[in-house]
Amino acid sequence: ALDVQCNEPLFDAVEHQDLQAVWLLLNQCSADELDINAPNMQGLTPLDVALMTNNGPMARCLLRAGALQSSQWVPGPPSNVRLSVASRVSLTVTFQEPRSAAAASTVVTGYKVEWSPLQDFSAQCGEMTVEPDCECCHISNLPTGEVHYVRVSAANIKGWGPPQAASPHGAVPSNWRQVDGRRPRLEGQIQLLEHLLQQERARQHLYSCTVPLSENSKLRNSSRKQSMSRSLKHLFHSSTKFVKTLK
């Protein structure tokens, strides 16, 4: 038989919520001296006592050391489950830990988020498991414009508790344009610009085909002569100003 001489001091430390004393006992006592899952006279383990006193840090410390829960309690439904639209293809769910009397006597080990197109969840679309320290979940890749109902459940080492429907119960992935009913300002503008560009190209091509080549050459030569004449006039005009300045 094991000489569990450290069990009584462990129960005393847990009942008095002395976290430092519990940590010292767990680290200094050997397995022969301390059975962390041995029940007391009431059939409760140290973890049960920590949960009954709603001491979360104490319970997590015992869990890390390998403590087990002997009670049959499962967590109650999560509290403050809220559902909102994140984008045209996604929803956001936020929640908090259970607040019922039974939930206060257990440690939540995870959450399960479920979604369905039907409010009774007879046809379930999907689910995901969330870590216990996470109180937010993003559901993505949903069909745009279709309502989805969401519920969340909490779990402990005994299993899953009852689900809690979100508030509101369902939401439709969408954006403000779809809700407002207005068409985007730039809708069809690219096609219109491409059409105008094609018209301009066709007009230029038609003009180049109808004007004779000799006439095109005359126009280019005339433009070239006019440009040269302006340059010479500008040169002499500038020189006159320069001479006047020197005088």
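**Loops, a cis bond and two cores**

Me: In this predicted model, where is Asn141 found?
Reply: Asn141 does not have to be sought inside a strand, since the model, which is predicted, places Asn141 in the loop between β5 (136-139) and β6 (148-156). Phi of Asn141 is near 60 degrees, a positive value in a residue other than glycine. The place asked for is therefore the loop between β5 and β6.

Me: Is Asn141 buried or exposed?
Reply: The cut-off to keep in mind is that a residue counts as exposed when its relative accessible area is over 50%. Asn141 has 70% relative accessibility, so Asn141 counts as exposed.

Me: Gln17 is found in the loop between α1 and α2; what is its relative accessible area?
Reply: Phi of Gln17, a residue other than glycine, has a positive value near 55 degrees. Partly exposed residues lie between the 20% and 50% limits, and Gln17 is partly exposed, with a relative accessible area of 44%.

Me: Which residue does a cis peptide bond join to Ser167?
Reply: The omega of this cis peptide bond is about -5 degrees. The partner is found in strand β8 (residues 164-171), and the residue joined to Ser167 is Pro168.

Me: Which residues touch the most other members of the largest nonpolar core?
Reply: This core has 20 residues, and α1 (7-15), α2 (19-28), α3 (46-52) and α4 (56-64) each supply at least two of them. Leaving aside neighbours within four places in sequence, Val22 is in contact with Leu10, Ala13, Val14, Met58, Cys61 and Leu62. The residues that touch the most other members are Leu10, Val14, Val22 and Leu62.

Terms used
Residues are numbered from 1 along each chain as its sequence is written. This is a predicted model: local features need pLDDT of at least 70, side-chain atom pairs count only at pLDDT 80 or more; totals for chains, interfaces and linings use all residues. Side-chain values use heavy atoms; hydrogens and water are left out. A nonpolar core is a set of buried Ala, Val, Leu, Ile, Met, Phe, Trp, Tyr and Cys residues joined through side-chain atoms within 4.5 Å. Buried means under 20% relative accessible area, exposed over 50%, partly exposed in between (1.4 Å probe, protein chains only). Helices (H or I, at least four residues) and strands (E, at least two) are DSSP runs, numbered from the N terminus. Contact means heavy atoms within 4.5 Å.
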